[in-house]
Amino acid sequence: LAITIIFKYQTPNFILILLSLIVSFMVTFNLAYLAGLFCFWIDEFWVTKNIKDVLILFFSGAVLPYALFPSQVVDLIRYSPFYYSVGMLARSFQSTVSYQDVLIGLLWVLVLGFLIIKVQKTAITKYSFTA
């Protein structure tokens, strides 16, 4: 049984898709990890998780397409980390993403990573175990 895989994407587009996939995963993971760190201060974590999920779904274009937003709002959204969690990956499959988008996504990975380090240090100092 021979399985034939046909790539309709050219090599540069395929590389952008792979890079977008990696960056999208890293941004989404960092956002989830950052939201998870708030468990040290909030007893009801499900609220924080739901807010994070709604923000990602709404501002990534997963619920409402960007065509329904005014162009000024789309310009702001495109520079938020939420766009790089889902929206950039979807646009990479449409071959409308550029290396600049990937670089901005990597910048968000670094910014969120820095925030995680700072919040985690504060969270560890707050943590206390009582048996």
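In this predicted model, Asn 30 is found in helix H1. With a relative accessible area of 11%, Asn 30 is buried. Leaving out residues up to four places away in sequence, Asn 30 touches Val 109, Leu 112, Gly 113 and Ile 116. Helix H1 covers residues 11–37, and a second residue whose contacts are worth following is Val 27. Under the exclusion of residues up to four places away, Val 27 touches Pro 81, Tyr 84, Ser 85, Gly 105, Trp 108, Val 109 and Leu 112. Val 109 and Leu 112 thus appear in the list for Asn 30 and again in the list for Val 27.

These residues belong to a chain with five helices and zero strands, and the pattern read along the sequence is α-α-α-α-α. Of its 131 residues, 30% count as buried. Among contacts with a separation of 6 or more, 68% join residues 24 or more positions apart.

Attention turns next to the nonpolar interior. In soluble globular proteins, nonpolar side chains tend to be buried together. The largest nonpolar core of this chain holds 22 residues, and those touching the most other members are Val 27, Leu 31, Tyr 66, Tyr 83, Tyr 84 and Met 88. At least two residues of this core come from each of H1, H3 (71–77), H4 and H5. Val 27, already met through its contacts, includes Tyr 84 among the residues it touches, and Tyr 84 is likewise listed with the core members that touch the most others.

Helix H4 deserves a closer look. Its buried residues are Tyr 83, Tyr 84, Ser 85, Gly 87, Met 88, Leu 89 and Ser 92. Two packed helices are described by the angle between their axes and the distance between the axes. For H4 (residues 83–93) and H5 (residues 99–126), the axes come within 11 Å and cross at roughly 160°. H4 is therefore roughly antiparallel to H5, and the crossing in which H4 passes H5 is left-handed. On the H4 side, Tyr 83, Tyr 84 and Met 88 make the contact, while H5 contributes Asp 101, Val 102, Ile 104, Gly 105 and Trp 108. By class, the residues of this contact are six nonpolar, one polar and one charged. Tyr 83, Tyr 84 and Met 88 of this contact also stand in the list of core residues with the most touching members. Gly 105 and Trp 108, on the H5 side, are in addition among the residues touched by Val 27. Just after H4, Ser 95 takes a positive phi of about 60°.

Two further buried positions lie in the remaining helices, H2 and H3. Thr 48 lies in helix H2 (residues 45–59) and is buried, its relative accessible area being 14%. Not counting residues up to four places away in sequence, Thr 48 touches Ala 35, Phe 38 and Ile 42. Val 74, placed in helix H3, counts as buried at 14% relative accessibility. Once neighbours within four places in sequence are set aside, Val 74 is in contact with Tyr 66 and Phe 69. Of these partners, Tyr 66 is one of the residues touching the most other members of the largest nonpolar core. Finally, Val 74 and Gly 61 are 13 residues apart along the chain, and their C-alpha atoms are separated by 9.7 Å.

Definitions and conventions:
Residues numbered from 1 in each chain as written. Predicted model: local features only at pLDDT ≥ 70, side-chain atom pairs only at ≥ 80, totals over all residues. Heavy atoms only, no water. Axes fitted to C-alpha atoms, helices over the stretch in contact; angles between N-to-C directions. Helix = DSSP H or I, 4+ residues; strand = E, 2+ residues; numbered from the N terminus. Parallel < 35°, antiparallel > 145°, perpendicular 65-115°, else oblique. Left-handed = near helix turned anticlockwise from the far one by under 90°. Contact = heavy atoms within 4.5 Å. Nonpolar A, V, L, I, M, F, W, Y, C, P; charged D, E, K, R; others polar. Core = buried A, V, L, I, M, F, W, Y, C linked by side-chain atoms within 4.5 Å. Buried < 20%, exposed > 50% of the residue type's maximum accessible area, 1.4 Å probe, protein only.
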